[in-house]
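Open your viewer, keep the selection tool handy, and follow the stops below. Each one says what to select and what is there.

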Amino acid sequence: MLSPTRGGFGDGHVFRFRRPVSIRRLGDCSTSFESRPLLSGCLERTVTGANLSFGSLSSFSLEPPDLQRFYRLEQSRVNASNYEKIIGLLSDEGLVTEASALFAELKSLDLTPSSSSYSSIICGLAKKGGFAKALSFLDEMIEVNLIPDSQTFHALIQAYGRYNMYDEIGDCLKRMEVVGCLPDHLTCNLLIQEFSRGGLIKRMEKLYHTALTKRVHLQPSTSVAMLDAYAKFGPIDRMEKMLKRVVNSNSQIKDDSVRKVATVYIDNYMFSRLDDLGLALSSISGSPDLVWCLRLLSHACLLSRKGMDSVIGAMEVAGVSWTITTANIILLTYLKMQDFTHLRAVLHDLVTNQIKPDMVTVGILFDAIGNGFDGTHTLQLWQRMGFLSEALELSTDPLVLAAFGKGKFLKCCEDIYSRFDPEDREGRNWSYKELIDLVPRICG
């Protein structure tokens with residue numbers, strides 16, 4: 001068992017809150033008036049049309065009227081257990097004011113709050129940043145001889161991390177030890193994760209090495225959090241070492257984490273590593289579209305026709321269809337090469353294969369036109385298809401723009417967008433035709 005005063009530890013534990021339930025659904029009550037407790041019924045079933053509003057427990061307002069009659073029959077079943085359920089649900093939903101009111105009412109009825117009720121209030125307040133009140137409830141809990149469990153402290157640690165209050169995390173660990181709730185491997189994982197998210201690399205690494213020395217089980221999510229930290233803050237060699245650990249453990253990596261690593265490679269002109277990353281990702285059942293995007297980008301950034309052809313051939317063998325991301329990578333490569341013959345052929349293939357263009361495709365076409373390409377046929381074809389009258393879409397993977405940058409057309413579109421008030425930006429649905437008409441007038 002690790003001690004925070006002897007090396008400390010712990011991140012990685014995600015506090016197991018109860019399954020979220022919308023407060024609008026708490027009117028889900030039993031219709032069996034003879035045998036079911038009101039609050040228990042509210043937690044278990046749905047009655048169509050039932051409405052439940054919260055003031056205090058004794059003033060629940062239920063519709064239809066026959067449920068009011070049911071409530072009066074069930075007064076004897078109002079107990080600490082049912083309060084606990086409602087307090088838990090309210091806290092999970094972030095309604096800490098209402099939960100606190102019910103908690104106060106529970107005590108006013110001379111009912112004894114359970115450790116679960118205290119924990120729900122503490123966790124709910126901490127998530128909202130109400131740390132002073134949360135600690136007040138924690139002190140009260142200890143005073144009445146209820147020992148907080150590790151989940152309560154883990155929720156506090158997560159909340160402190162969310163608000164970048166890392167010194168307070170240390171105080172929380174000391175408090176854990178004082179009350180006899182010693183940190184465990186879940187605490188260790190949780191701490192590493194929070195330090196990773198906060199960019200506290202030295203503290204993250206110190207705790208990580210302590211965990212390895214003491215053979216603490218490290219969760220896959222902890223390795224991924226460290227990978228994200230190295231991708232954001234460096235250094236690259238440690239990022240790659242952690243990536244290897246994640247891949248070897250067959251841990252699932254979210255697409256956002258993969259893109260962070262890929263962006264590091266792109267920014268440092270390490271394009272060949274993109275192919276390696278794609279192959280590694282495919283071995284752990286990564287997103288197929290992202291895998292092929294990475295592999296194709298690896299060769300496109302190097303303007304390697306042979307490499308691109310090999311990846312496209314592999315896609316055909318695997319029976320993988322092109323996406324607009326695939327097409328735009330190839331189009332951008334041909335644009336950079338000034339190979340208008342192949343660019344025209346790919347634009348034609350989009351229509352033949354029913355691949356819908358997006359903003360990036362339109363930008364490529366107009367940038368090519370600016371460089372001497374005759375795009376009349378493509379524009380006429382898009383017009384006949386009705387594509388130009390459709391609302392703008394950006395379906396291309398963001399890694400493509402990270403690798404190739406934004407062309408003149410897309411930069412002009414951003415400039416136009418920035419000139420509108422926020423209300424107009426949100427409330428207006430742009431079509432491709434409207435934007436195409438505006439660009440030459442504003443950007444020349």
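**First stop: helix H11**

Select residues 220-233, which form helix H11: its 14 residues should span 20 Å at 1.5 Å a residue, and its end C-alpha atoms are indeed 20 Å apart, in agreement. The expected span is 1.5 Å times one less than the number of residues in the helix. Helices here are DSSP runs of H or I with at least four residues, strands are E runs with at least two, and both are numbered from the N terminus.

A word on what you are viewing: this is a predicted model, in which local features need pLDDT of at least 70 and side-chain atom pairs count only at pLDDT 80 or more, while totals for chains, interfaces and linings use all residues. Residues are numbered from 1 along each chain as its sequence is written, and side-chain values use heavy atoms, leaving out hydrogens and water.

Is H11 largely enclosed or not? Ten of its 14 residues are buried, so the rest of the structure largely encloses H11. Buried means under 20% relative accessible area, exposed means over 50%, and partly exposed is in between (1.4 Å probe, protein chains only). Colour the buried residues of H11 next; among them are Val224, Met226, Leu227 and Tyr230. Then show what they pack against: helix H9 (185-197), helix H10 (201-213), helix H12 (236-248) and helix H13 (255-267). Contact here means heavy atoms within 4.5 Å.

**Second stop: the loops**

Move on to glycine 234, which follows H11 and has a positive phi, near 80 degrees. Glycine 234 is joined to proline 235 by a cis peptide bond, with omega about 0 degrees. You will find proline 235 in the loop between H11 and H12. For background, most peptide bonds are trans, and most residues other than glycine have a negative phi.

Now select two asparagines. Asparagine 164 sits in the loop between helix H7 (150-162) and helix H8 (166-178). Its phi is positive, about 55 degrees, although asparagine 164 is not a glycine. Asparagine 164 is exposed, with a relative accessible area of 55%. For asparagine 250, go to the loop between H12 and H13. Asparagine 250 has a positive phi near 55 degrees, and at 53% relative accessibility it counts as exposed.

**Third stop: arginine 162 and the annotated repeats**

Select arginine 162, in helix H7. What does arginine 162 touch, not counting residues up to four places away in sequence? The answer is Lys127 and Glu194. Add arginine 197 to your selection: it is 35 residues from arginine 162 along the chain, yet their C-alpha atoms are separated by 8.8 Å.

The unreviewed UniProt entry carries the annotation "repeat: PPR" for residues 114-148 and 149-183. UniProt positions are given in the numbering used here, feature names are shortened, and annotations may be inferred rather than shown by experiment. Select residues 114-148: this span is 74% helix and 0% strand, with its end C-alpha atoms 11 Å apart. Residues 149-183 are 74% helix and 0% strand, and their end C-alpha atoms lie 10 Å apart.

**Fourth stop: the empty spaces**

Rolling a probe the size of a water molecule over the atoms shows where empty space is left. On a 1 Å grid over the protein atoms alone, a cavity is a set of points where a 1.4 Å probe fits but cannot get out; a pocket is an open set with protein on both sides within 12 Å along at least five of seven lines; and lining residues have an atom within 4 Å of a point. Grid points are joined across faces, edges and corners, and a volume is the space filled by probe spheres set on the points.

The largest pocket holds about 370 Å³ of space. Its lining has 17 residues, and those closest to its centre are Met359, Leu392, Cys413, Tyr417 and Leu435. Show helix H22 (408-418) as well; with five residues, H22 gives the most to this lining.

Finish with the largest cavity, whose volume is about 70 Å³. Select its lining, including Asp289, Trp292, Met315 and Ile329. Helix H15 (288-300) and helix H17 (324-337) each supply at least two of the lining residues, and the largest share, four residues, comes from H15.

**Zoom out**

Now display the whole protein chain, with its 24 helices and two strands. Of its 444 residues, 48% are buried.
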